[in-house]
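I opened this entry to log what I looked up, in the order I looked.

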Amino acid sequence: MTTRNVTLHITAFIGLLTLAPSTLLAAGVGGYARDLGTDVKRIVDGEFTLAPLASVAFCMKNADQCRDTGGGVVELTDARQAELFGVNSRVNGSIRPKNDSPTADVWSVDVSTGDCEDYALTKRKRLLELGWPSRALRMAVATTPSGEGHAVLVVRTSKGDLVLDNRTSQVKDWTKTDLFWLKMQSSNPEIWVSMQSRPIRPVLVSDRARDRRPARVTRKPPVPVVQVFSDIGIYNTKK
């Protein structure tokens, strides 16, 4: 990347920091069509934060996948719902799981083998090809209950923000997954925002008796103190 390109990206990022964060949607779903809720709950974006380094590299190499094509919440008609569930199922079945090297995280699309973000990016591409707007298709980063880094695709619909996860064939609401949310794409695919976690954290066997309290929710972005590598990139976090 040339010095001029770096300068342009930094300038664009600083300019976006002056804008108010957009609003994300979330709603209650259990998995399939009969479980999609009508009582839509909405998440308010956190502050602007660092994008995963692998995401930045992906956008530099695949500019067509990181364009802002506009749009917003997609009306989840029967036809759109069938597209969404079909893409999730087909991509989950077409990619063989394979983690990246422990020393290098690469985000890819249209692969035969790959890890979580490769599934999510491929689903995003398929939906873009079907005419879904980019602002409704947001990559998100989280951790699993075991602490493993994970990436999924969050789709903004009239029935909530639905999660497409390579670990399951079900399409779930963001609050119905077992994930601890960290950050996700804003309306601009190249700019990320921090994201609140699930309202109630999962209760582990080791702490059932001692702690059943809701997790504290923070809207502040991670503090850049220590860099931690995971299969979804290098992230700045507290000690």
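**Overall make-up.** I counted elements first: the chain has 4 helices and 13 strands. The model is predicted, and I treat every value below as computed from it. Of the 239 residues in the chain, 44% are buried. I then checked contacts with a separation of 6 or more, and residues 24 or more positions apart account for 59% of them. For the surface, I noted about 12,400 Å² exposed by the chain, with carbon and sulfur atoms supplying 54% of that area.

**Cavity.** How many cavities of 30 Å³ or more does a search of the whole structure find? I got 1. Its volume is about 70 Å³. I listed the lining next: Ser-55, Phe-58, Cys-59, Gln-65, Cys-66, Trp-107, Val-109, Leu-121, Arg-124, Met-139, Gln-185 and Pro-189. Two elements give two or more residues each to this lining, namely helix H2 (53-61) and helix H4 (116-129). H2 gives the most, with 3 residues. Sorted by class, the lining has 8 nonpolar, 3 polar and 1 charged residues.

**Helix H2.** Since H2 gives the most to the cavity lining, I looked at its burial. Which residues of H2 are buried? I found Ala-54, Ser-55, Phe-58 and Cys-59. Viewed down the axis of H2, these buried residues fall within an arc of 135°, so they line one face of the helix. I also looked up what covers them, and the cover includes H4 and strand E11 (192-194). H4 therefore appears in two of my lookups, as an element of the cavity lining and as part of the cover over the buried residues of H2.

**Leu-162.** I moved to strand E8 (residues 160-164), where Leu-162 is found. Is Leu-162 buried or exposed? Its relative accessible area is 0%, so I logged Leu-162 as buried. I then took its distance to Leu-84, which is 78 residues away along the chain; the two C-alpha atoms are separated by 9.6 Å.

**Gln-196.** This residue sits in the loop between E11 and strand E12 (226-230). Its relative accessibility is 22%, so Gln-196 counts as partly exposed; the cut-off for buried is under 20%. Leu-182 is 14 residues from Gln-196 along the chain, and I have 6.9 Å between their C-alpha atoms.

**Asp-110.** I located Asp-110 in the loop between strand E4 (96-97) and strand E5 (113-114). What is phi of Asp-110 near? I read a value near 60°, which is positive in a residue other than glycine. Most residues other than glycine have a negative phi. With a relative accessible area of 38%, Asp-110 is partly exposed.

**Asp-115.** The last residue I checked, Asp-115, is found in the loop between E5 and H4. At 3% relative accessibility, Asp-115 counts as buried, whereas Asp-110 is partly exposed at 38%. I paired Asp-115 with Asp-100: they are 15 residues apart in sequence, and their C-alpha atoms are 6.9 Å apart in space.

Terms used
Residues are numbered from 1 along each chain as its sequence is written. This is a predicted model: local features need pLDDT of at least 70, side-chain atom pairs count only at pLDDT 80 or more; totals for chains, interfaces and linings use all residues. Side-chain values use heavy atoms; hydrogens and water are left out. On a 1 Å grid over the protein atoms alone, a cavity is a set of points where a 1.4 Å probe fits but cannot get out, and a pocket is an open set with protein on both sides within 12 Å along at least five of seven lines; lining residues have an atom within 4 Å of a point. Grid points are joined across faces, edges and corners, and a volume is the space filled by probe spheres set on the points. Ala, Val, Leu, Ile, Met, Phe, Trp, Tyr, Cys and Pro count as nonpolar, Asp, Glu, Lys and Arg as charged, and the others, Gly among them, as polar. Buried means under 20% relative accessible area, exposed over 50%, partly exposed in between (1.4 Å probe, protein chains only). Contact means heavy atoms within 4.5 Å. Accessible areas come from the Shrake-Rupley method with a 1.4 Å probe; for residues, only the protein chains shown count as cover. The arc is that of the directions from the helix axis to the C-beta atoms.
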